[in-house]
Amino acid sequence: VRLEYAGKIYGILHAHLPHDFALVKEEQELFSDVAGDIAYALYNIELEEERKKFKKELIHAKEKAEESDRLKSAFLANINHEIRTPLSGIVGPAQLLKDGSLSKDEQPEYAEMIEESGNRIMSLFDDLMDISKIETGQINISSQETNINRIMEELYAYFKPRFYEKGIDFSYGVALSEEESVVNTDETKVKQVLTHLLNNALKFTGSGSVHFGYQPEGNSNRFRFFVCDTGKGLPPENHEKVFQHFVKEDADPYSHDEGVGLGLSISKAIVEALG
């Protein structure tokens, strides 16, 4: 007899009887009733499992929504701070330049402050545009022959003065010759990822050294890039969290650490888009 309830079959109830034994009608009906009761019981078990699953999903959705609200609040506080701080670095010096209260020797210093603050705001808006493209699946990859060694040299030349200013030893290493380091990839995107990682190393390394480079993986045109620093590091429980949007280890928007927590999530999305 089929174990069937609400149009669903859960199995078969089978009884093996001797050849000379025949069930009377009442016994056959009882057998069918037992099968029906078993099917109903299985249906209820399944229903309860679905209820538990739904409840679990509901709790997860609630927690996710609460986390989203928390991140949104943190993001708004961070972005408010991240825009206001460099704006102060533009408005204040601009006012002094306008008043003519600065000497000729001081003017270049304040003009540089305005330029740096403007670049910081531009960088923030670039990150916001990138995350918007990532969210809508609009990352465009433009692969061409790219010399990885040259990228290393350019990044080193760009970052060296900034590390030198902080008194941090800065170096890089290449594993292949100029010819061997040519690979098909998106040069701009590779630079963008490494720039985010080196910015983090610069930001979170108070003293010591930073070393970056790459190693080829097997015989394929794949590279494992690395950035090693003597900074404070990151607790294991935060290893996955830092790749989420707007997540920073220091959630205080008024901390000395710049950024709104987008660099690593952007980098992760780019690396995945590059394959």
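User: What does helix H4 lie across, and how do you know which way it runs relative to S7?

Analyst: H4 lies across S4, S6 and S7, and runs at about 20° to S7. That angle is taken between N-to-C directions, on a scale from 0 to 180 degrees, with axes as lines fitted to C-alpha atoms (for helices, over the stretch in contact). Helices (H or I, at least four residues) and strands (E, at least two) are DSSP runs, numbered from the N terminus.

One caveat: this is a predicted model, where local features need pLDDT of at least 70 and side-chain atom pairs count only at pLDDT 80 or more, while totals for chains, interfaces and linings use all residues. Residues are numbered from 1 along each chain as its sequence is written, and side-chain values use heavy atoms, leaving out hydrogens and water.

User: What makes S4 and S7 the edge strands?

Analyst: Each pairs on one side only. The open sheet has the order S4-S6-S7, with mixed pairing. Two strands pair if DSSP finds at least two bridges between them, and S4 and S6 have 5, running parallel. Ser-171, for one, stands opposite His-211 in S6. Helix H3 packs on this sheet too, touching S4, S6 and S7, with its direction at about 180° to that of S4.

User: Why is H2 called oblique to H5?

Analyst: Their axes come within 10 Å and cross at roughly 45°. Roughly parallel is under 35 degrees, roughly antiparallel over 145 and roughly perpendicular 65 to 115, so the rest, this crossing included, is oblique. The crossing is left-handed: the near helix is turned anticlockwise from the far one by less than a right angle (clockwise would be right-handed).

User: How do you know which residues of H2 and H5 meet?

Analyst: Contact means heavy atoms within 4.5 Å. On that basis Asp-127, Asp-130, Ile-131 and Ile-134 in H2 meet Ser-265, Ile-266 and Ala-269 in H5. By class, that contact has 4 nonpolar, 1 polar and 2 charged residues. Here Ala, Val, Leu, Ile, Met, Phe, Trp, Tyr, Cys and Pro count as nonpolar, Asp, Glu, Lys and Arg as charged, and the others, Gly among them, as polar.

User: Which side chains of S5 are called buried, and what makes them so?

Analyst: Val-183 and Thr-185, which point to one face; Val-182 and Asn-184 point to the other and aren't buried. Buried means under 20% relative accessible area (exposed is over 50%, partly exposed in between; 1.4 Å probe, protein chains only). Asn-184 is also the bridge partner of Glu-145, and S3 and S5 pair in the antiparallel sense over 4 bridges.
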